[in-house]
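Here is a short report on how the helices and strands of one protein are arranged. Look at the fold first, then read on.

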Amino acid sequence: MAAVQVIGSVPTNPREWLDYLHSKLLQNRSTVKRYSAYYDGEHQKLAFSQARHLNEFGHVFEKWRDNFCGLIIDSVNERMAIDGFRMTDEPAADADAREIWQRNHMDAESNAGHLDAMVQGSAYAVVWADQDNQPTITLESAENVVVQYKPGSRRELEAAAKFYTDDWGRNWATVWFSNRVWTFAAGTFGWANPSQARSVKNPLGEVPVVPLNNRARLTGDPISDLSTVIPLQDAVNKIVSDALLASEYAAWPQRYVTGLEIVEDDNGNPVEPFKIAVDKLLQAEDPNAKFGQFEAADLGNYVKLADMLVQHMASTSRIPFHYFLNGGVVPSGESITAAEAGLIAKTRERMLHFGEAWEKVMRLCFKVLKDKRAEAYGAEVIWRDPENRTESQHIDALLKLKMVGVPTDQLLSDAGYTPQQIERFRVMREEDARIEMELAKKYPMPTQQPEQVDAQKAAQKQPQGNAGNQARKNT
């Protein structure tokens, strides 16, 4: 299928846009799938081995994996969770935004979006309206969706397209523009003509696709977190595979015998004189026969080299070295906080980039509802604290913040409670106060009679005279 190749011109009709975006997707799909394969541990095994090694041991190591790519991605992704949104200046989280988020199952879906964005470089959120005119949010992979930015812009989209195959094996494509949305079906001779495609008006007035770019730069495409890790992962695979081959060839001590006549079979092939085993004794009648064995190969050098590569991987990915379980001492207390400082900073940086995308997604949702919060450019995402601390340390820090005047709701948010839980706490506090007032009215505190008050004052009066002087002196 020919793409639009005219230099200096842009597609002028939906079919040309479809061909152009399809060719652009195919150019990037192989790279995206390669990153996914490394994350899943499905990359090529024994890639650096010689052909004879691959033919001899390929079936033995077919299921073998020593993959750190999943750890590098998951260590960041497991620390990113969205608790809600603030769409206005009100201190409480926006309840309507939270309702949209929950109705679209985004607690789990957002986690998948962050995962794919860090693995593949990008993921995409599509905002539309369902049959009840309620906003819907669907997340798509970079294997199926491609976007085109407006000339000179890194944020405003000119067009976007999704290519997918249904359960019947039919190929479909949806192309979004700011004014219309086209749906094409692929036939025997390529995509259908625009006259045969379905087209509807886009009521949002903009392309309803939001890229979740992983640490996008000012120029070039978004970058996968595995782009700098893959060469080191390949090197680790090579070293470990060499160690496995060495354990097969050289780690078992090889024995030899000299001065013994070599016996051959009918075909002239040497016959092994002994069956080596733990309970076998080697003996020969010839007094000139001598037995011995070669020194076994030391596999420790492979271990040292693999550890060095893992150190480089930890430094490049900013993942604490103890996450790789190299056999060292796991830090604790202040030392683990210092060791995870780079990981926490990396996580907060991902939150910064993904947060901008989620704010735009929520503004589009309110645009579907024709709500004024569609222009809430001061909105912000409420992220859960990515830092893991002991309960005592965390609560002690929050109590100190309370002493300097931090409000209770903010402290509860910093403690890790969701906006829903904080709202329930507020209702519970009001209920507790109401119950205390009712109990105070039902069971009033007894009041003291005047003569009882005088008796108490007399009992508290300091003794007079010599006894009083002595008592005051002792005091």
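The text below covers the overall make-up, the strand pairings and one helix packing.

This is a predicted model, in which local features need pLDDT of at least 70, side-chain atom pairs count only at pLDDT 80 or more, and totals for chains, interfaces and linings use all residues. Residues are numbered from 1 along each chain as its sequence is written, and side-chain values use heavy atoms, with hydrogens and water left out.

**Overall make-up**

The protein has 14 helices and 13 strands. Helices (H or I, at least four residues) and strands (E, at least two) are DSSP runs, numbered from the N terminus. Of its 475 residues, 35% count as buried, meaning under 20% relative accessible area with a 1.4 Å probe and protein chains only. Among contacts with a separation of 6 or more, 64% are between residues 24 or more positions apart. Contact means heavy atoms within 4.5 Å.

**Strand pairings**

Two strands pair if DSSP finds at least two bridges between them. Four antiparallel pairs are tabulated here.

| Pair | Bridges | Opposed residues |
|---|---|---|
| S6 (residues 171–176) and S7 (residues 180–187) | five bridges | Tryptophan 172 and alanine 185 |
| S7 and S9 (residues 198–201) | four bridges | Tryptophan 182 and serine 199 |
| S7 and S8 (residues 190–191) | two bridges | Glycine 187 and glycine 190 |
| S2 (residues 122–129) and S3 | seven bridges | Valine 127 and isoleucine 137 |

S6 and S7 form a hairpin, with three residues between them.

S3, S2 and S10 make an open antiparallel sheet, in the order S3-S2-S10. S3 (135–141) and S10 (209–213) are the edge strands; each has a single partner strand, so one side of each is left without a neighbour in the sheet. From one strand to the next, the twist averages 25°.

**Helix H9 and its partners**

H9 lies across S2, S3 and S10. Its direction is at about 165° to S10. Axes are lines fitted to C-alpha atoms, for helices over the stretch in contact, and angles run from 0 to 180 degrees between N-to-C directions.

H9 (residues 341–368) also meets H5 (residues 106–120): their axes come within 12 Å and cross at roughly 120°. That makes H5 oblique to H9. Oblique covers what is left once angles under 35 degrees count as roughly parallel, over 145 as roughly antiparallel and 65 to 115 as roughly perpendicular. H5 contributes Met106, Ser110, His114, Ala117 and Met118 to the contact, and H9 contributes Arg350, Phe354 and Trp358.

Technical notes. Buried means under 20% relative accessible area, exposed over 50%, partly exposed in between (1.4 Å probe, protein chains only).
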